[in-house]
Amino acid sequence: ESVLDAAVAKHESQLALLKKDNEELRAQLNAACFAPSASVVAPAADVGLRFEVDQLREKVKKEEKSRSRLEQLMKSKVREYRDIVSSVIGYKIELLADNMCKLRSKYAEKSDDCLKFKVMN
């Protein structure tokens, strides 16, 4: 009988905790009707959610760092490619607004000696 009494006591304590959480959630829900920015979270689930949020934040930080490194690598490779094309053909190509481009010779006497054209898709 002591095992049964212990199981019943454990069940009753869990039931009491769930009832308490339920009442707190109802109070938060009623408050949320008047303040839409309020968050409604069960206290028992709060710890697990915080842990999951922390894990997701760490994952986001790692992904942002990886994306940033990739972005820097791509910028340096694009710069390297442009320099190589410029040295091979002797012209620099600059992309301007509204699909406009500026073609300028590396050997031009003036900086405004260039050919501007619009790229048509």
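This passage describes the sheet and the largest pocket of a predicted model.

A good place to start is the sheet. Strands in a sheet are held together by backbone hydrogen bonds and can pair in either a parallel or an antiparallel way. Here the sheet is open, has 3 strands in the order β1-β2-β3, and shows antiparallel pairing. The strands β1 and β3 (114-118) stand at the edges with a single partner strand each, so one side of each has no neighbour in the sheet. From one strand to the next, the twist averages 20°.

The two pairings can be followed one at a time. Strands β1 and β2 are joined in the antiparallel sense over 5 bridges, and one residue to look for is L95, whose bridge partner in β2 is C101. These two strands form a hairpin, with 4 residues between them. In the turn of that hairpin sits D98, which has a positive phi of about 60°. On the other side of the pairing scheme, β2 (residues 100-105) meets β3, again in the antiparallel sense and over 5 bridges. In this pair, R104 has C114 of β3 as its bridge partner.

Attention can now turn to the largest pocket, which holds about 240 Å³ of space. Its lining is made up of Y81, R82, D83, V85, S86, I89, Y91, K92, I93, E94, L95 and R104. Two elements, α2 (43-89) and β1 (91-95), give two or more residues each to this lining. Helix α2 provides the largest share, with 6 residues. Sorted by class, the lining of the pocket has 6 nonpolar, 1 polar and 5 charged residues. Two residues already met in the sheet return here, since L95 and R104 both belong to the lining: L95 is the bridge partner of C101, while R104 is the bridge partner of C114.

One lining residue deserves a closer look. I89 is found in helix α2 and is among the residues that line the largest pocket. Is I89 buried, exposed or partly exposed? Its relative accessibility is 45%, and a residue counts as exposed only over 50% and as buried under 20%, so I89 is classed as partly exposed. I89 can also be placed relative to K106: the two residues are 17 apart in sequence, and their C-alpha atoms are 9.3 Å apart in space.

Conventions. Residues numbered from 1 in each chain as written. Predicted model: local features only at pLDDT ≥ 70, side-chain atom pairs only at ≥ 80, totals over all residues. Heavy atoms only, no water. 1 Å grid on protein atoms, 1.4 Å probe; cavity = no way out; pocket = protein on both sides within 12 Å on 5 of 7 lines; lining within 4 Å. Points joined across faces, edges and corners; volume = space filled by probe spheres on them. Nonpolar A, V, L, I, M, F, W, Y, C, P; charged D, E, K, R; others polar. Pairing = 2+ DSSP bridges. Axes fitted to C-alpha atoms, helices over the stretch in contact; angles between N-to-C directions. Buried < 20%, exposed > 50% of the residue type's maximum accessible area, 1.4 Å probe, protein only.
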